[in-house]
Amino acid sequence: MSTTNDDIQSGSVIGSAACNSTRRDTGNKPPVLDLRDGEQYVMSGSNLFCYKNSIVPTWRQTWTRIQVRVWSSNTFKVETVEGEEELQELERFSVWSWFQSLLREGHNETTINISLFSKKTCFKIDPSDKTQYTVKPIRKFDIYLFLVFLTGVLLFLFADSLSRSQAFFYSAGMSTGMIASLIILFFILARFLPKKSPFYVLIVGGWSFSVYAIQLVCRNLNVILREHWHVALGYVAVVGFISFAVCYRYGPLVNEKSINILSWTLQLFGLLLIYLGIQIQQVAFAIIVAALFSKNLEYPVSLAVVAWRRIRRYVHWKPEPRRLLTEEEYQKQGEEETRQALEELRKYCNSPEFSPWKAVSRLQSPKRFADFIEGSPHLMSNEVSVHVQEYGFGGSFFEDEFFDTDDEEDDITPMTKPE
């Protein structure tokens, strides 16, 4: 990272003022500098730093990341500890700490990731010389975390279709070949070696070296792409072509079991990306459970439908529709209801509440009414015969209703167009 002299001088002024206000005197122990969000500190020499996280993490900090950036024009070493007591112990000389410092790699630019749930994180910066270095804590929304989360969600949802896609098969094969070429090479060599071969020690060491090489390349990827882009381009072209040839030789997956295994693997990898893309573990587990439930929603829904159909047989939530009466049932029910109504009328007329003189004064035939109260029929024989002739089957009312429909159809004559 290139820095002008004016920037260094201005940063030195800001850093000096901040150091005077935040550096704590710890007696005989080396002083510790408390870092604040957004402030920039320009220091020189070996120094101790601590970052206090005073904000309680909630769901709003799902994709928030706390980082401390350190950069300089020369190399330096960083050692991170959990508390201030462990930080003071770093100043004490011991053979083990001296040996660890020799193995620790030097940087001229690095980033220290701080957990949202860590109340205090301390670290020591030991430069190789008296060159100034800059320390800046940052709390921000990390777009890369959100993209990792989004990639995991899409991979989990579309795992079935991706496992059957030829384009995904070739692209995934080429990417795996370019990223883990050394691991694949050692795996192929291990298949040709005898079981009791001393070269297995070399194979184990090769696996460890491959993992270390992958970590080293990922850590210095920006430098490789900027200064050695032609080597990186040649590696991608050669290894990508070989990986494509191997994928083309064996072809996409055809067996249904192999496709299911690939789909399950993609789903598990998608859940892993969802977990890694969220800072709050409770939120991550809740989203994972919701994703699993939504993915397999068809199974509990089908079980619920089957259970509902079985329960519905024994529980009637709505009244059943009434059955229509036949002609005989209708006639019988009419006679029964009429008989009951007449009996109720006789009882009311015989009750004390009924005024016979008032009713007799309004009737044309009081004797017939008195006979009805004593139990005689309410209709005479000639009235019954007239009713049957008028409204019975074959009566005048039935014939009029039947033949009126035919007359109406005859009245509807087609309209002809005049010549």
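## A walk through the model

Start by selecting Ser243, which sits in helix α10, residues 229–250. Bear in mind as you go that this is a predicted model. Is Ser243 buried or exposed? Its relative accessibility is 9%, so Ser243 counts as buried, the cut-off being under 20%. Now show what surrounds this serine: setting aside residues up to four places away in sequence, Ser243 touches Gly173, Met174, Gly177 and Met178.

While you are in this part of the sequence, click on Cys247. This cysteine is buried, with a relative accessible area of 11%. Then go on to Cys349, which counts as buried at 10% relative accessibility.

Next, zoom out and colour by secondary structure. You should find 18 helices and 8 strands in the protein. Of its 419 residues, 23% count as buried. Turn on the surface, and you are looking at about 31,500 Å² of accessible area, 61% of which belongs to carbon and sulfur atoms. If you draw contacts with a separation of 6 or more, residues 24 or more positions apart account for 76% of them.

Now for the disulfide. The structure holds 1 disulfide, and to see it, select Cys50 and Cys122, whose sulfur atoms lie 2.0 Å from each other. Where in the chain do Cys50 and Cys122 come from? Cys50 belongs to strand β4 (residues 47–52) and Cys122 to strand β7 (residues 120–127); they are 72 residues apart, and the pair links distant parts of the chain. Look along the S-S bond: the torsion is about 100 degrees, so the disulfide is right-handed. Both Cys50 and Cys122 are buried.

Stay with these strands and bring up the largest nonpolar core, which has 19 residues. Which residues have the most contacts inside it? Select Leu35, Phe49, Val68, Phe123, Ile125 and Val135 to see them. The elements that give two or more residues to this core are β2 (32–35), β3 (41–43), β4, β5 (64–81), β6 (107–114), β7 and β8 (133–141). Strand β5 gives the most, with 5 residues.

For a closer view, centre on Leu35. Apart from neighbours within four places in sequence, Leu35 is in contact with Tyr41, Phe49, Cys50, Tyr51, Val68, Phe123, Val135 and Pro137. One of these, Cys50, is the disulfide partner of Cys122.

For the last stop, select Phe149, Ile278, Ala284 and Ile288. These residues are among the 8 that make up a second, separate core.

How values were computed: Residues are numbered from 1 along each chain as its sequence is written. This is a predicted model: local features need pLDDT of at least 70, side-chain atom pairs count only at pLDDT 80 or more; totals for chains, interfaces and linings use all residues. Side-chain values use heavy atoms; hydrogens and water are left out. Helices (H or I, at least four residues) and strands (E, at least two) are DSSP runs, numbered from the N terminus. Buried means under 20% relative accessible area, exposed over 50%, partly exposed in between (1.4 Å probe, protein chains only). Contact means heavy atoms within 4.5 Å. Accessible areas come from the Shrake-Rupley method with a 1.4 Å probe; for residues, only the protein chains shown count as cover. A disulfide is a pair of cysteine sulfur atoms within 2.5 Å. A nonpolar core is a set of buried Ala, Val, Leu, Ile, Met, Phe, Trp, Tyr and Cys residues joined through side-chain atoms within 4.5 Å.
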